[in-house]
Amino acid sequence: MTKLVSVSEAVSRIPDNAVVTVSSSSALGCPDLVLKALGERFRSEGHPRNITTLHPIAAGDMYGVKGMEYLAQDGLLDRVLAGSYPSGPSSLEMPEIWKMIVEDRVAAYNVPSGILFDMHREAAAHRPGVLTQVGLETFVDPVREGCAMNARGAAAPIVARREFDGQTWLHFPNINPNVCVLRATTADEFGNLTYEHEGAYLGGLEQAICVRNHGGLVIAQVQRVTAAGSLRPHDVRVPGHLVDLIIEDPGQMQTTETPYDPAISGQIMRPWDSFSLAEHGVEKVIARRAAQELRTGMSANLGFGISAMVPRILLEEGHPQAVTWAIEQGAVGGVPLTGFAFGCASNAHAFVPSPQQFIYFQGGGFDMSFLSFLEVDVEGNVNVSKLGKKPYLTAGCGGFVDITARAKKIVFSGWFEAGAKIDLTDDGIRVNAPGKFTKMVDQVEHVTFSGRRARETGQDVLYVTERCVIRLTEQGLVATEIMPGIAAQRDIVEASGGRVKVAENAVQMPKSLFSEGPMGMSL
């Protein structure tokens, strides 16, 4: 009996009250055709009703691949747990999934991506849930929000504190999915799946195993179907005995606004001079200073925002392979991409399944992490996961909490103030008019990173801004390096309302950071 069916036939088998786990990372690997058909079935039939969806990383984006947006319907979606959600600029309309969350029409949770993958592993093995210290003293901790994004979520907690072996842990009881929707490139007639055109494996295998071990339904969307026995066994990432139904979508996008780029899937290697360099400006200056923390041979993690520019700094300086980059979608090595293709890499050395990548991150095996910030408070806490006035401007925490839990060194990058009028000259930074508000606040809106816990565990934490480099110390936030052109008292101390102090031995950063061409950085 063939496993290849129409998409309408596949979604007709999803029952009311199903727990559906979806493998995706924004548009990367998104089984969009299946999610669209599921939303259409509900509009025409009123079923399935009251489903729960699990998204270790977001399904869909705001730029053409709708993903979970198809499921954002009252009566269809009852509960959603996601590492991240579709996000975009304020010029675009708020996605319906965000409207449901802020209007309290769905029980919503923002769960760190690595923990969500851990939950699948533990549920698959019928163990009693995840026990972890990832997220302690952040919004993940039930002493704060416990991952809940709204009142309906808070009314049904998904995490509790537990004391074990003399330490405090977070316990996430099992949520057992009974439907898995994943995506690959090719399926054979037995249902074996290969990923040759994909930019990452993500967590499809682990999600399929979890659902299979609970007697559920596994649906795989692929670009093409081939004859049984024609796939090389070493290339099969999800074996056919785990797959029930195959859906064919010849037009599936590789990632956001990208039909197919062979460099993203590792089928060609791009010349190093084919990559665009970071545009000259203030954010490049910040990224340059962040990059100076690196040394040849390091392995480093990379996040979205200004931090994503750091590999381009190394390219410009002639060090394209000095550092091994690792990103949460699974690429190792090469050059992580920016913009719409964030989450992909070109010239990667390897692709690791996301659940294994997160084990590496949660254990702190890498040398350094480069991340961005929305706001920082006097305790050194960082918020990247919540903006109450414009919630969809941030995707949520993603892998940020997993990455920072045991990272040896973290370099956060961001603007000191929002909306300041700044000129960039050959001699430095000139602040012509103060911003609307400082990013250095008394208390962050959402604790995505705990400064207090970082101090307790001995993490080395820097905040690199357009005005100074700030270090997290026992005395709070202390500026130890000042950008040329910056008046320390006016532009740092007073601009932050006294929340950032200036070290007595603070030094001035080199003017080479402002060079139009390479700055001559050695590693």
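Helices, of at least four residues, and strands, of at least two, are taken here as DSSP runs numbered from the N terminus. The model described in this report is predicted.

**Strands and a crossover**

Strand β3, residues 77-82, has two pairing partners among the elements treated here. With strand β2, residues 51-55, β3 forms a parallel pairing over five bridges. With strand β4, residues 107-110, the pairing of β3 is again parallel and runs over four bridges. Arg79 can be followed through both pairings: this residue is the bridge partner of Thr52 in β2 and β3, and Ala107 is the partner of Arg79 in β4. Helix α3, residues 96-102, belongs to the crossover from β3 to β4, and the resulting β-α-β unit is right-handed.

**The second largest pocket**

Helix α3 also takes part in an open site. Which element contributes the largest share of the lining of the second largest pocket? That share, three residues, comes from α3. The space in this pocket is about 250 Å³. The pocket is lined by 17 residues, and those closest to its centre are Trp98, Ile101, Met149, Lys386 and Pro391. Trp98 and Ile101 lie within the residue range 96-102 of α3.

**Cavities**

The model contains five cavities of 30 Å³ or more. The largest holds about 130 Å³ of space. Its lining comprises 15 residues, of which Leu136, Thr138, Thr404, Ala405 and Arg453 are the closest to the centre. Two elements, α10 (400-405) and α11 (451-457), each give two or more residues to this lining.

The second largest cavity has about 60 Å³ of space. Its lining is made up of Arg183, His197, Glu198, Gln223, Gln252, Met253, Gln254, Pro259 and Tyr260. Arg183 and Glu198 are the two charged residues in this group, while Met253, Pro259 and Tyr260 are the three nonpolar ones.

**Composition of the linings**

The table sets out the residue classes for the three sites.

| Site | Volume | Nonpolar | Polar | Charged |
|---|---|---|---|---|
| Largest cavity | about 130 Å³ | six residues | eight residues | one residue |
| Second largest cavity | about 60 Å³ | three residues | four residues | two residues |
| Second largest pocket | about 250 Å³ | nine residues | six residues | two residues |

In the largest cavity, the one charged lining residue is Arg453, which is also listed among the residues closest to the centre. In the second largest pocket, Lys386 is one of the two charged residues and stands among the residues closest to the pocket centre.

Definitions and conventions: Residues are numbered from 1 along each chain as its sequence is written. This is a predicted model: local features need pLDDT of at least 70, side-chain atom pairs count only at pLDDT 80 or more; totals for chains, interfaces and linings use all residues. Side-chain values use heavy atoms; hydrogens and water are left out. Two strands pair if DSSP finds at least two bridges between them. A crossover is right-handed if, with the strands pointing away from the viewer, the path from the first strand over the helix to the second runs clockwise. On a 1 Å grid over the protein atoms alone, a cavity is a set of points where a 1.4 Å probe fits but cannot get out, and a pocket is an open set with protein on both sides within 12 Å along at least five of seven lines; lining residues have an atom within 4 Å of a point. Grid points are joined across faces, edges and corners, and a volume is the space filled by probe spheres set on the points. Ala, Val, Leu, Ile, Met, Phe, Trp, Tyr, Cys and Pro count as nonpolar, Asp, Glu, Lys and Arg as charged, and the others, Gly among them, as polar.
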